[in-house]
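Good morning, and thank you for making time on the agenda. I should like to take you through one structure, and I ask that you keep the model in view while I speak.

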Amino acid sequence: MDVVTDCWTQIRERLQSEIGRDNFRTWIEPLSFISCAQGVGRFATPTSFNGTWVERHYADRISSLFREGGFQVSRLEFVVDSSLPPAETSERTAPVPPPAKTAAAASESVGLPGGLGDVDLPTSPLDGRFTFDNFVVGKPNELAHAAARRVSEGGAVTFNPLFLYGGVGLGKTHLMHAIAWEVRLTRPEARVLYLSAEQFMYRFVSALRFKDMHGFKEMFRSVDMLMVDDVQFIAGKDSTQDEFFHTFNALIDQQKQIVISADRAPGEIDGLEDRIKSRLQWGLVVDLHPTDYELRLGILQAKAEAQLEQNPGITIGPGVIEFLAHRISSNVRVLEGALTRLFAFASLVGREINLDMVQECLADLLRHSERKVTVDEIIRKVADHYNLRMSDLLSARRARNVARPRQVAMYLSKTLTSRSLPEIGRKFGGRDHTTVIHAVKKIEELKATDSQIAEDVEILRRMLEA
Ligand code: ADP
Ligand code: MG
């Protein structure tokens with residue numbers, strides 16, 4: 001036995017005592033160690049779900065145990081080998097994967113014949129919770145949701161690429177995984193490749209290094225659907241962008257579906273080549289807006305129900321969900337974190353989750369939510385509201401359709417933040433403070449005479465203060 005295999009044997013023993021026999025038998029035992037090189041520990045796994053699970057729950061621990069044994073491992077990789085025996089299901093105590101219900105899991109463990117489906121693609125692990133079933137739809141995300149649904153249904157490729165963008169924690173990754181799960185369920189033979197832009201770069205760079213560009217190109221050009229998450233990551237990385245552009249074009253030419261996400265609209269990603277920006281805008285560009293109160297309420301209700309099912313002893317007092325929806329930011333990840341913390345707390349102290357507990361347990365988050373609105377946020381929201389680019393508002397353009405929104409933004413900056421007039425002027429492309437004074441006066445006047453302006457200001461103010 002070589003040293004590294006020996007090390008893995010010892011790690012297995014450690015894990016067994018750390019995570020318990022049942023978890024060990026369910027998740028670790030089915031793995032077969034392959035190799036450890038370039039910081040990557042590779043394993044064969046009977047199902048990709050098993051790999052995903054290990055990746056999510058035990059990767060850090062396994063990597064650090066490798067390091068303790070003297071092997072530099074920073075990441076784990078799983079290769080599906082359907083000939084491996086799966087875990088003994090009778091012993092399985094952890095919940096069976098939720099992904100797109102059991103059919104997805106079943107189609108995986110059946111093991112598709114080589115070359116069929118996406119089994120041999122370097123798809124990043126998909127989160128079993130990120131399905132359409134678990135996605136709560138509201139005004140801010142209904143368009144993105146509908147577009148994602150449509151793409152997952154297949155048929156004629158109508159919008160290509162689908163470009164989803166929006167701030168952090170608003171559900172971009174969730175929707176992409178949901179598309180992947182749905183396609184796996186309904187068209188298991190389709191080759192779906194989902195990966196982050198970072199992974200794309202990593203694959204590209206190692207193909208260069210190992211002189212396997214041919215293999216790289218073949219693999220990427222053989223897929224039926226390519227999904228690249230967080231594409232802003234490749235901005236400024238020139239050769240990766242270049243390769244991305246070629247891959248993109250090749251797939252579009254073959255009428256293969258492409259789904260891209262980013263934290264900004266294509267045109268706003270600095271360091272992205274213009275030809276790529278314009279290519280990305282060819283299809284359908286939809287944004288996920290920050291959540292509003294109703295959507296937060298819906299999401300919290302859905303997540304609380306799921307938690308209550310798993311924690312039958314716990315109850316939630318009146319007003320708690322509403323309070324959280326009101327006070328916690330639009331980032332859904334933060335909302336989820338708040339609920340998780342409350343349930344953990346309640347299960348320790350064994351009592352009802354009530355408003356007192358919320359105050360006690362979430363003090364840091366609640367303090368954070370009282371933070372003041374910033375001028376940058378105002379500029380962004382106003383630009384969105386009027387369908388302009390942020391750069392328009394900062395530009396020297398004086399056309400009414402740009403100048404008026406700019407004045408609204410200046411007015412809101414003056415009334416909602418504690419910034420001084422000169423500071424606000426500087427934020428708006430280095431304008432003089434007298435311009436800001438003029439804008440504030442103008443909007444005050446118009447609010448009294450122009451009901452459209454009054455309404456715009458009111459909507460924006462409410463959105464910014466939400
Ligand atoms: P992004 O990729 O946009 O940063 P994610 O897709 O990772 O955000 O979402 C962050 C978290 O919030 C995830 O756990 C996701 O499941 C959850 N989430 C976001 N939007 C929704 C939604 N509409 N319904 C249910 N969960 C959501
Ligand atoms: Mg994401």
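Let me begin in the loop that joins α5 (142-153) to β4 (162-166), where Pro161 is located. What is the configuration of the peptide bond from Asn160 to Pro161? That bond is cis, and its omega is near 0°. Please bear in mind that we are looking at a predicted model. As a general matter, most peptide bonds are trans, and most residues other than glycine have a negative phi.

The second half of that remark brings me to two further loop residues. Asp230 sits in the loop between β6 (225-229) and α9 (238-253). Its phi is positive, near 60°, and Asp230 is not a glycine. Asn387, in the loop between α16 (375-385) and α17 (390-394), likewise has a positive phi, of about 60°. Are these residues buried, partly exposed or exposed? Asp230 has a relative accessible area of 29%, so it is classed as partly exposed. For Asn387 the relative accessibility is 73%, and therefore this residue counts as exposed.

I shall stay for a moment with the loop between β6 and α9, since Gln232 is also placed there. A polar atom in the side chain of Gln232 lies 3.1 Å from the backbone nitrogen of Asp263. Setting aside residues up to four places away in sequence, Gln232 touches Ser261, Ala262, Asp263, Arg264 and Ile269. Asp263 is thus both a residue that Gln232 touches and the partner in the polar pair just described.

Now to the overall layout. The protein is divided into four parts: domain 1 (3-80), domain 2 (142-287), domain 3 (293-372) and domain 4 (375-465). Between the C-alpha centres of domain 2 and domain 4 there is a separation of 35 Å.

With that division in mind, let us turn to ligand 1. Which residues come nearest to ligand 1? There are 18 residues around ligand 1, and those that come nearest are Val136, Gly169, Thr173, His174 and Glu336. Three polar pairs deserve individual mention. At Val136, a backbone N or O atom is placed 2.8 Å from a nitrogen atom of the ligand. At Leu170, a polar backbone atom is 3.2 Å from an oxygen atom of ligand 1. At Glu336, an N or O atom of the side chain is 2.7 Å from an oxygen atom of ligand 1. Considered alone, the ligand exposes 560 Å², of which the protein buries 95%.

Where does the shell come from? Two or more residues each are given by α6 (172-186), α11 (293-310) and α13 (332-349). In terms of domains, domain 2 (142-287) and domain 3 (293-372) each supply at least three residues to the shell. By class, the shell comprises seven nonpolar, seven polar and four charged residues.

Helix α6 also holds His177. His177 is considered buried because its relative accessibility is 5%, which falls under the 20% limit. The side chain of His177 reaches the backbone nitrogen of Asp127 at a distance of 2.9 Å. Beyond residues up to four places away in sequence, His177 touches Pro125, Leu126, Asp127, Phe130 and Tyr194.

I shall close with two further buried positions. The first topic is Asn50, found in helix α3 (residues 48-68). Its relative accessible area is 4%, so Asn50 is buried. Leaving aside neighbours within four places in sequence, Asn50 is in contact with Thr26, Trp27, Pro30, Leu31 and Thr45. The C-alpha atoms of Asn50 and Val80 are 9.2 Å from one another, with these positions 30 residues apart along the chain.

The other is Ile443, which belongs to helix α20 (residues 433-449). With a relative accessible area of 0%, Ile443 is buried. Apart from residues up to four places away in sequence, Ile443 touches Arg404, Gln407, Val408, Tyr411, Ile453 and Val457. Arg404 is 39 residues away from Ile443 along the chain, and their C-alpha atoms are separated by 8.6 Å.

That concludes my presentation, and I thank you for your attention.

Note on methods:
Residues are numbered from 1 along each chain as its sequence is written. Chains are lettered from A and ligands numbered from 1 in the order in which they are written. This is a predicted model: local features need pLDDT of at least 70, side-chain atom pairs count only at pLDDT 80 or more; totals for chains, interfaces and linings use all residues. Side-chain values use heavy atoms; hydrogens and water are left out. A residue is near a molecule or strand if one of its heavy atoms lies within 4 Å of it. A polar contact is a pair of N or O atoms within 3.5 Å; within protein, one must be able to donate a hydrogen and the other to accept it, and residues adjacent in sequence count only if both atoms are side-chain atoms. Accessible areas come from the Shrake-Rupley method with a 1.4 Å probe; for residues, only the protein chains shown count as cover. Helices (H or I, at least four residues) and strands (E, at least two) are DSSP runs, numbered from the N terminus. Ala, Val, Leu, Ile, Met, Phe, Trp, Tyr, Cys and Pro count as nonpolar, Asp, Glu, Lys and Arg as charged, and the others, Gly among them, as polar. Domain bounds come from an automatic or database domain assignment. Buried means under 20% relative accessible area, exposed over 50%, partly exposed in between (1.4 Å probe, protein chains only). Contact means heavy atoms within 4.5 Å.
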